[in-house]
Amino acid sequence: MMNRPKTNLGVTIGKLRLANPIICASGTFGFGEELRGFVDFGSVGAIATKTITLEPRAGNPPPRIFETECGVINSVGLENPGVDKFISEKLKAMREIDTKFIISVGGGSIFEYSKIVQRLDETKDVDAIEVNLSCPNIKNKKIVSQDKKETYKVVKALRKVTSKTLIAKITPEVSDIVSVAVAAQDAGADALALVNTFFAMAINIETAKPYIGNIYGGYSGPAIKPMSLYRVWRVASVVKIPVIGGGGITDADAAIEFLLAGATAVSLGTVNLVYPNKAKEVLAGIIEYMRRKNIKDINKLRGSMNV
Amino acid sequence: MKPKQVTVKVDKIERVKTDVFLLSFVSGYLAKESRPGNFLHIKVNSTILRRPFSVHKVSGNKIYVLFRIRGRGTDILSRYKKGEILDIIGPLGNGFEVRRPKTEDRRLKTGIQNILIAGGIGVAPLMFLAQHFTKTLNTNHQPLITILLGAKNKKEVLCEQELKKLGCKVYVATEDGSKGIKGTVIGLLERSLWTREPGTQTNLYSCGPKEMFWNINQILEGRKDVNCQVSFEQFMGCGLGICCACTIETKNGYKKVCKDGPVFDIRDIW
């Protein structure tokens, strides 16, 4: 590249300083290390890991994924090795990757959430913690972020046990997402991540069986982009903390829309499953847009939708 | 083997049967790196996720993919034209473990039997395996490769002539009896196992519907002298072992078809 003008792509999420605003969303990038040699991590601002729970989880019965016309339904059910194995086996390999890591955590109770966050707080090499308050695929468990009081309680408890950057990932499946976002903010979250998937299902009419083993799952992919964009705009217009916006982003144009709507960083999800190197292309597209619009600092782009 | 993302140009797509197509394209890398049982994760237009296809055969630097129209992805792929671009990640998956005869078996030149069992379109990865066997084992006067083909009827029998040309012994079973024996490959398999010489070590390699695997496993109960590798399919996400979407149930918990498989030892399943 010739005469590269000084463009600032760095963004700040709590105490976390990212080289660029692209985050690979939890569940779509593993622990990063699986993709070594395949992905250019220089274009990835941060990786949100697969959600870790206190104990190992086997996950949900297969089939766990089904593609519909414009999106993908999944019900993996937080299959993960548990926090101990994560720390002893995964973290070491992750350390060799030159990007930031946001460790996504899940729990069935405030006790479980607190225990795991405590463990991670004591662990070096953990850059930030994302509390998954929004997984749609846990049987007999309510989604925490469907209830603003529960959201407040969980985030408040976790704030007490960690000084690391704490991100609350919330569900779009709620009548008033702004009030949930505000509850997380008031409880001390450093940032918000939205959206997680929408409830969805599909049925094979020949066998009359659901395509997903767990009957229903979470919907993602291009179909949800306009809906997640709307929610990110609503939340970012009100809260004072950074919003990591995403849901159905497939290219740079979509990522720019989320930045214009007020997101500080954008997350790529389902698209990573198809093009693991998508971050590189999206980042290049954002840089090209900034040049074209003569924007020197990505933070100037944030929330600059023209209304 | 290191998977790579490559773009290739469609060389040819020909209709082999009513709803079965043979795709070919040139890729030096995939041709060199693919092993029997590996799969390619192909992105076709207008779908969101990639679709997994096993490598059907390799000839020079040309790769062949045999597929049946099963849904939207395969339907769209079947309409591709020569020269159109496909984005592929591959080769992926563990592939078949080709069991070589032990030294003493080689000396005796007996005692080993390789049987490939294909249910319908399940012949797709087995052709590549047969290719591999006939290239390596038969040069050593090793016993013939037997392949059992199952189909609904005469019209739907796949790859019979080509497998014969490779030097395989081919037996056919059709559900309506219009060709070969009336019934399924399970009937053929039972015969093969009964008629072999005592002391023979039998290696089975199979691809087809899960029900077929289950039936094979029933026959194998208590048969330590027979081992069996089966290639599974499942709706898939990334193909790279990161999303944990393509799991199947095994005796040792859920396993990923893309990374732990697609080839599994049948005794690890049931």
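## Exercises on a predicted two-chain model

The side chains of A:Glu288 and A:Arg292 make a salt bridge, with 3.3 Å from N to O. We will come back to this pair in Exercise 1. Before that, some ground rules: this is a predicted model, in which local features need pLDDT of at least 70 and side-chain atom pairs count only at pLDDT 80 or more, while totals for chains, interfaces and linings use all residues. Residues are numbered from 1 along each chain as its sequence is written, chains are lettered from A and ligands numbered from 1 in the order in which they are written, and side-chain values use heavy atoms, with hydrogens and water left out.

### Exercise 1. A pair within a helix

Task: Find where A:Glu288 and A:Arg292 lie, and how many residues apart they are.

Solution:
- Step 1. Recall the criterion: a salt bridge is a side-chain nitrogen of Lys or Arg within 4 Å of a carboxyl oxygen of Asp or Glu.
- Step 2. Locate the partners. Both A:Glu288 and A:Arg292 belong to helix α8 (residues 278-292) of chain A, 4 residues apart, about one turn of the helix. Helices (H or I, at least four residues) and strands (E, at least two) are DSSP runs, numbered from the N terminus.
- Step 3. Check the exposure. A:Glu288 is partly exposed, with a relative accessible area of 40%, and A:Arg292 is exposed, at 54%. Here buried means under 20% relative accessible area, exposed over 50%, and partly exposed in between (1.4 Å probe, protein chains only).

### Exercise 2. A pair between helices

Task: Describe how α1 and α2 of chain A are arranged, and find the salt bridge between A:Arg119 and A:Asp84.

Solution:
- Step 1. Take the axes. Helix α1 (residues 83-95) and helix α2 (residues 110-121) of chain A have axes that come within 10 Å and cross at roughly 20 degrees. Axes are lines fitted to C-alpha atoms, for helices over the stretch in contact, and angles run from 0 to 180 degrees between N-to-C directions.
- Step 2. Classify the angle. α1(A) and α2(A) are therefore roughly parallel to each other. Angles under 35 degrees count as roughly parallel, over 145 as roughly antiparallel, 65 to 115 as roughly perpendicular and the rest as oblique.
- Step 3. Give the hand. The crossing of α1(A) and α2(A) is right-handed; a crossing is left-handed if the near helix is turned anticlockwise from the far one by less than a right angle, and right-handed if clockwise.
- Step 4. Add the side chains. A:Arg119 and A:Asp84 meet in a salt bridge (2.3 Å, N to O). This pair links distant parts of the chain, with A:Arg119 in helix α2 and A:Asp84 in helix α1 of chain A, 35 residues apart.
- Step 5. Check the exposure. A:Arg119 is partly exposed at 29% relative accessible area, and A:Asp84 is partly exposed at 45%.

### Exercise 3. Another helix pair

Task: At what angle do the axes of α3 and α4 of chain A cross?

Solution:
- Step 1. The axes of helix α3 (residues 148-161) and helix α4 (residues 177-186) of chain A come within 8 Å and cross at roughly 20 degrees.
- Step 2. α3(A) and α4(A) are therefore roughly parallel to each other.
- Step 3. The crossing of α3(A) and α4(A) is right-handed.

### Exercise 4. Salt bridges further afield

Task: How many salt bridges does the structure hold over all chains, and what does the pair of B:Glu233 and B:Arg70 tie together?

Solution:
- Step 1. The total over all chains is 25 salt bridges.
- Step 2. One of these joins the side chains of B:Glu233 and B:Arg70 (3.1 Å, N to O). B:Glu233 lies in the loop between β13 (226-231) and β14 (247-250) of chain B and B:Arg70 in the loop between β6 (62-68) and α2 (72-78) of chain B, so the pair ties together parts that are 163 residues apart in sequence.
- Step 3. Both B:Glu233 and B:Arg70 are exposed.
- Step 4. A:Glu67, B:Arg51 and B:Arg72 are linked in a network of salt bridges.

### Exercise 5. Backbone details

Task: Locate the cis peptide bonds before B:Pro91 and B:Pro262, then place A:Ala208, a non-glycine with positive phi.

Solution:
- Step 1. B:Gly90 and B:Pro91 are joined by a cis peptide bond with omega about -10 degrees, and B:Pro91 is in strand β7 (residues 85-92) of chain B.
- Step 2. B:Gly261 and B:Pro262 are joined by a cis peptide bond with omega about 10 degrees, and B:Pro262 is in the loop between β15 (253-256) and β16 (263-265) of chain B.
- Step 3. A:Ala208 has a phi of about 60 degrees. A:Ala208 sits in the loop between β12 (203-204) and β13 (209-210) of chain A and is exposed, at 60% relative accessibility.
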